[in-house]
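Hi everyone, thanks for coming. I'd like to walk you through a structure that may be new to you, so please have a look at the screen.

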Amino acid sequence: MSEFKQTLNSSLGKKLIMALTGLFLCTFLIVHVGGNLLLFNNDNGFSFNVYANFLTHFPPIEVIAYLLYLSILVHALYGLILTVKNRKARPVRYAVAAKSDASWSSKNMGLLGSVLFLFIVIHMGDFWFRYHNDKTMGFKEYRTDLATGETKVSDYTPANAEFSHSVSTENNVEVVRVKDLHARVAYSFSNIIYVIFYVIAMGAVAFHLLHGFQSAFRTLGWVHRKYTPVVYFIGTWLFAVIIPLLFAAMPVYYYYLSTQGAH
């Protein structure tokens, strides 16, 4: 057991934990961007609000969510520890810097990670915390005619403060009442400062994952001439290009809608 603790406390152990938590967070990003794509549906926030309600009321998802929060904290903490340790190991820069094959992103993982941690705190405060604790957040009622598929939407005022959501059927009409997180998204992304910060943060995500995804596989020893090019391809195009662009498109799209007077 002492050897296990020594391994965890070593630089290698910390890198292994960072690799595992990092890959777990990468998996979360795939799911998260898939859910956020519902914001592009022209359905008055129906799909997204139902999705947000599902995430916060389905017990297995709630368990995974707490593992996610723990992974974020551990990943950030160990990243900070390793960054400080590396700086202390070389407190004085060389007078003549030798050429290095290391990429800009690999040299600035600490900076990129700090930007991302700040973004996560602000992002969760604006959406996750408000969704769970803001008693003034409104509700929407969606009535879907099961025969025609037509959905009508209206504001809904719960009869009591403890109400969270409900689904029922009345005369072949499905009635869904949920918190209106979609309205909060539209409001937040009508602020150009927030939109710019969000897009910059997605740039940090791109560079962080450009190095981090590939580095995690190397740390875990999963390196093979046959599969490494596949890892590099996925790390570059999926995690450093496609996913950040999809995330960045969301605030830009909603800011554009706000300038057109749409919601």
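**A walk through the sheet, the core and a pocket**

Let me start with one pair of strands: strand S1, residues 139–145, and S2 pair in the antiparallel sense over six bridges. Please keep in mind that this is a predicted model. To find your way along that pair, look for Phe139, which stands opposite Tyr156 in S2. Another facing pair is Glu141 and Ser154, the latter in S2.

Where do S1 and S2 sit in the wider sheet? The sheet is an open one of four strands in the order S2-S1-S4-S3, and the pairing is antiparallel. At its edges are strand S2 (151–156) and strand S3 (166–170), each of which pairs on one side only. On average, neighbouring strands of this sheet are turned by 20° against each other, direction ignored.

Now let's step back to the whole chain. It has nine helices and four strands. If you read along the sequence, the pattern is α-α-α-α-α-α-β-β-β-β-α-α-α. The C-alpha atoms fill a box of roughly 75 × 50 × 40 Å, taken along the principal axes. Of the 263 residues in the chain, 35% are buried. And if you take the contacts with a separation of 6 or more, 73% of them are between residues 24 or more positions apart.

Next, the loops of the sheet. The hairpin of S1 and S2 has five residues between the strands, and in it Gly149 takes a positive phi near 80°. Leu146 also has its place in the loop between S1 and S2.

Is Leu146 buried, exposed or partly exposed? Leu146 counts as partly exposed because its relative accessible area is 47%, and the range for that class runs between 20% and 50%. Leaving aside neighbours within four places in sequence, Leu146 is in contact with Thr169, Asn172 and Glu174.

That brings us to the other loop, the one between S3 and S4, where we find Asn171 and also Asn172. The C-alpha atoms of Leu146 and Asn171 are separated by 9.4 Å, while the two residues are 25 residues apart along the chain.

What is there to notice about the backbone here? Most residues other than glycine have a negative phi. Asn171, however, has a positive phi of about 50° although it is not a glycine. Asn172 has a positive phi too, near 65°, and is likewise a residue other than glycine. As for accessibility, Asn171 is exposed, since its relative accessible area is 79% and the cut-off for exposed is over 50%. Asn172, at 43% relative accessibility, counts as partly exposed.

Let's move from the sheet to the helices. Helix H3 lies across S1 and strand S4 (173–179), running at about 65° to S4.

H3 turns up again in the largest nonpolar core. This core has 40 residues, and the ones that touch the most other members are Leu181, Phe189, Tyr198, Met202, Phe213, Phe247 and Tyr254. Which elements give two or more residues to this core? They are helix H2 (11–36), helix H3 (46–57), helix H6 (109–133), helix H7 (181–188), helix H8 (192–219) and helix H9 (228–259). H8 gives the most, with 11 residues.

Leu181 is a nice residue to click on. Apart from neighbours within four places in sequence, Leu181 is in contact with Phe48, Asn49, Ala52, Phe127, Tyr131 and Met137.

My last stop is an open space. Rolling a probe the size of a water molecule over the atoms shows where empty space is left. How much space lies in the second largest pocket? About 320 Å³. Its lining is made of 16 residues, and those nearest the centre of the pocket are Lys135, Phe139, Ala161, Phe163 and Lys179. You may remember Phe139 as the residue opposite Tyr156 in S2. H3 and H6 each supply at least two residues of this lining, and the largest share, three residues, comes from H3.

So if you open the model later, H3 is a friendly place to begin: follow H3 across S1 and S4, then look at what H3 gives to the core and to the lining of the second largest pocket. Thanks for listening!

Key: Residues are numbered from 1 along each chain as its sequence is written. This is a predicted model: local features need pLDDT of at least 70, side-chain atom pairs count only at pLDDT 80 or more; totals for chains, interfaces and linings use all residues. Side-chain values use heavy atoms; hydrogens and water are left out. A nonpolar core is a set of buried Ala, Val, Leu, Ile, Met, Phe, Trp, Tyr and Cys residues joined through side-chain atoms within 4.5 Å. Buried means under 20% relative accessible area, exposed over 50%, partly exposed in between (1.4 Å probe, protein chains only). Contact means heavy atoms within 4.5 Å. Two strands pair if DSSP finds at least two bridges between them. Axes are lines fitted to C-alpha atoms, for helices over the stretch in contact, and angles run from 0 to 180 degrees between N-to-C directions. On a 1 Å grid over the protein atoms alone, a cavity is a set of points where a 1.4 Å probe fits but cannot get out, and a pocket is an open set with protein on both sides within 12 Å along at least five of seven lines; lining residues have an atom within 4 Å of a point. Grid points are joined across faces, edges and corners, and a volume is the space filled by probe spheres set on the points.
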